[in-house]
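Please work through the following exercises with the sequence and the structure at hand. Each task is followed by a worked solution.

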Amino acid sequence: MRICRIVTSICLLVSCLRASSSIEAQLTRADWRRADETVVRLNPSDFPNLPPQLRTELEHRGCTIPQPYNAGGQKKNVITGAFTSAGQNDWAVLCSHEKLSAILVFPGGRSSQVAKLAEEPDSQYLQVVAGGSEIGYSRLLAVATAQVVRQHFAHGDHDGIENTFLQKASVVWYRSGGKWKRISIAD
């Protein structure tokens with residue numbers, strides 16, 4: 001009886017996997033290209049809380065700010081925190097230019113000495129969503145608080161920048177000793 005349940009469970013799992021992979025197999029290269037073309041990318045001027053000098057710098061660089069598929073009308077991928085040292089108000093923006101995105105860090109909210117981190121093609125952050133019937137952009141920036149950083153980096157005394165591939169994994173970028181360090185975090 002128990003072996004019969006195990007075999008039934010395995011058969012059900014295999015059948016679910018086949019159904020899922022057949023939906024994904026129906027998506028063509030053209031679907032993926034179209035999804036990359038239709039990623040919502042907002043202009044820096046769409047973020048009224050962004051300091052004017054940063055908005056100007058982002059526009060000068062030709063940046064747009066890609067939005068994750070599940071943003072629900074909220075504006076994402078512009079964050080503020082103490083990313084370079086405790087007590088300092090820094091900004092981090094996901095800048096997409098010619099379908100390549102990088103995290104730009106503005107220490108103290110100034111447009112000089114901008115750090116550029118994790119530049120990758122936007123297409124690398126596309127995945128099948130909505131029950132396997134749609135493709136959505138899935139890169140999201142968030143503040144990793146000093147408390148979260150300390151769980152992974154013993155000397156953490158300020159915030160980090162969490163770069164998440166939604167429903168997959170996260171990486172925290174943390175500045176220490178004058179350099180940006182990468183801390184992998186499982187979702």
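**Exercise 1.** In this predicted model, determine which residues I161 is in contact with, leaving aside its neighbours within four places in sequence.

*Solution.* Contact requires heavy atoms within 4.5 Å. Under that criterion, I161 touches I79, F83, A92, I103, V105, L141, A142, V171, V172, W173 and W180.

**Exercise 2.** Identify the members of the largest nonpolar core that touch the most other members, and state which strands supply the core.

*Solution.* Step one: the core holds 23 residues, and those touching the most other members are I103, V105, L117, I161, W173 and W180. Step two: at least two core residues come from each of β4 (90-97), β5 (100-106), β6 (115-121), β7 (126-129), β8 (134-137), β10 (160-165) and β11 (169-176). Step three: β6 provides the largest share, three residues. Step four: a second, separate core has 13 residues, among them I65, V78, V93 and F106.

**Exercise 3.** Establish the strand order of the open sheet and explain why β3 and β6 each have one side without a neighbour in the sheet.

*Solution.* Step one: the sheet has four strands, ordered β3-β4-β5-β6, with antiparallel pairing. Step two: β3 (78-81) and β6 are at the edges and have a single partner strand each, so one side of each lacks a neighbour in the sheet. Step three: from one strand to the next, the twist averages 20°. Step four: β5 and β6 are antiparallel and joined by five bridges; P121 in β6 is the bridge partner of L100.

**Exercise 4.** Locate helix α3 relative to the strands.

*Solution.* Helix α3 (residues 52-60) lies across β4 and β5. Its direction is at about 150° to β5.

Key
Residues are numbered from 1 along each chain as its sequence is written. This is a predicted model: local features need pLDDT of at least 70, side-chain atom pairs count only at pLDDT 80 or more; totals for chains, interfaces and linings use all residues. Side-chain values use heavy atoms; hydrogens and water are left out. A nonpolar core is a set of buried Ala, Val, Leu, Ile, Met, Phe, Trp, Tyr and Cys residues joined through side-chain atoms within 4.5 Å. Buried means under 20% relative accessible area, exposed over 50%, partly exposed in between (1.4 Å probe, protein chains only). Two strands pair if DSSP finds at least two bridges between them. Axes are lines fitted to C-alpha atoms, for helices over the stretch in contact, and angles run from 0 to 180 degrees between N-to-C directions.
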